[in-house]
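Reader: I'm new to this structure and would love a close look at a single part of it. Could you walk me through it and then show me what lies elsewhere?

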Amino acid sequence: MTLFLGIDAGNTGVKAVLFDSNGVELARSVRETGSSSPGPGMVERDINRLRSDLVDLIIEILDKSGKSGKDIGGIGTSGHGNGLYLINKDHEQVIAIQSMDTRASGIAADWHNDGTADAAFKIAYQRPWASQTPTLLSWMKYNKPELVDSSVHLLMCKDVITLALTDEIVGDVTDMGGAGLLSLPENSYSDDLLEVYGLRKYSNLLPKLLWPTDIAGVVTDDFAARTGLSAGTPVVAGFFDVISSAVGAGVTKLGQTSVIIGTWSINQAIVDKPAAGVFMSCGILPGLFMAMDNSATSATNLEWVAHHLMGGSKDAFIDADRISFEASLTPSSPLYHPYLYGAAGDSNARAGIFGLAGWHSAGDLMRAVFEGVAFAHVQHIETLRSADIPTEGIILSGGGSRSPVWPQMLADMLGKSVSVSSQPEAGALGAAMAAAVGTGFYQSLDEAVTSMTKAPRLVRPAISNYALYEKRYKLWRAVQNSLTTHWETLMELRGE
């Protein structure tokens with residue numbers, strides 16, 4: 001049986017998962033790649049460590065599966081979108097900024113005030129934000145021009161993986177579109193768009209543009225010798241990870257909705273034209289686009305709690321689920337705003353607890369974190385609906401979808417059933433499915449979905465909770481709105 005390898009690189013780690021042609025997982029390996037913070041609001045990674053971890057992952061996965069590199073018919077990649085990965089002429093790192101970085105919040109604010117954001121929206125159907133690639137590149141232009149001048153290529157996270165595998169410099173439509181670097185609906189680079197950002201002179205940094213299922217290159221002799229892969233194995237261009245997770249969860253058709261409870265709060269629906277008024281949009285297939293409203297407000301909050309308040313052990317996440325599950329929803333339960341890394345449209349926003357009293361328990365506090373994350377998802381879904389984007393048939397994926405708490409909360413808050421993907425590694429599966437299509441094993445992503453995904457699990461709402469959640473959500477929004485000016489003052493006090 002032909003096998004397909006999916007490699008999924010997020011903000012906090014990278015994983016490799018080996019699947020057969022029916023989507024059955026044969027082996028999985030994970031590495032926490034780590035991040036550094038050289039200054040306030042800055043989040044960076046070491047590409048050399050990412051490459052080293054990639055080699056170890058592949059050696060381990062072949063050993064775990066008992067398979068040979070010759071059994072693998074194709075490799076697909078996915079990775080976090082946005083951020084900024086600059087590479088020099090020797091294919092070495094100049095800087096690798098991740099998509100939770102907010103150093104460029106001032107530039108984003110200026111662009112929203114001076115009309116740049118509106119001008120960009122007319123071309124890219126996106127308004128720039130702090131962690132977006134053009135905003136970060138502009139920050140580098142003003143603050144680290146010598147680093148930009150030494151750069152030869154601008155890549156996305158998963159493109160760094162593709163480069164390590166194939167020694168090829170490529171990008172794909174989903175990543176570049178999701179980063180506000182493409183003219184839509186054409187799905188093409190635009191000098192006019194770069195001119196709006198003041199970045200036209202850097203057009204030479206942009207990589208060759210492919211569709212996700214296009215062959216980007218083949219595994220090199222050197223990489224094969226170091227890992228056990230077979231030289232010449234095809235590698236496809238791959239996906240922006242939120243698109244890969246949607247595909248791996250079975251979302252490929254017009255009108256379907258994907259909600260990803262991961263490091264980011266991802267809320268997206270497939271449409272037949274770019275949608276106005278939402279956070280971002282990008283091509284997924286010729287003639288289809290993904291309309292999204294997203295922010296760094298999801299399970300990263302639980303990760304922070306687990307690492308900083310619960311010891312960071314492997315059981316910390318299980319304990320967090322248990323403690324939250326044991327706490328009851330009451331009208332006076334505390335509220336949590338999940339803005340550790342800012343909010344959509346407001347990089348000044350910060351996390352906080354409202355309404356905490358002496359009689360509340362640790363369970364009440366943990367339950368508030370889960371609820372605040374879920375409310376942030378609901379807020380994004382409301383934004384999609386306000387742009388006349390249907391959000392029926394929601395399929396949940398991402399690590400948080402495996403929690404017994406979040407799926408039920410979302411169903412209760414929305415007052416409608418939601419489905420949970422049966423594939424725990426939907427991002428890696430989506431990447432593997434792209435490889436299966438790109439190598440001709442399947443003729444389309446729809447065909448790959450039929451063969452490689454299983455029916456999701458349905459979670460029905462507890463209607464008795466809906467009315468109380470509706471009231472608490474209104475209060476949550478009101479508190480959030482009242483804090484806006486105070487968040488701005490806090491940033492001023494810090495000198496940002």
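Author: I353 counts as partly exposed because its relative accessibility is 36%, where partly exposed lies between buried, under 20% relative accessible area, and exposed, over 50% (1.4 Å probe, protein chains only). The model is a predicted one, in which local features need pLDDT of at least 70 and side-chain atom pairs count only at pLDDT 80 or more, while totals for chains, interfaces and linings use all residues. Residues are numbered from 1 along each chain as its sequence is written, and side-chain values use heavy atoms, with hydrogens and water left out.

You will find I353 in strand β18, residues 352-354; strands are DSSP runs of E with at least two residues, and helices are runs of H or I with at least four, numbered from the N terminus. Together with L356 and L365, I353 makes a nonpolar surface patch of about 230 Å². Such a patch takes residues with over 30% relative accessible area and no salt bridge (Lys or Arg side-chain nitrogen within 4 Å of an Asp or Glu carboxyl oxygen), and joins nonpolar side chains within 5 Å; the areas come from the Shrake-Rupley method with a 1.4 Å probe.

Now for the inside. The largest nonpolar core (buried nonpolar residues joined through side-chain atoms within 4.5 Å) has 41 residues, of which I243, M290 and M292 touch the most other members. Its largest share, eight residues, comes from α15. Apart from this core lies another, of 36 residues, including A299 and W487.

Definitions and conventions:
Patch = residues over 30% accessible without salt bridge, like charges linked within 9 Å, V, L, I, M, F, W, Y side chains within 5 Å.
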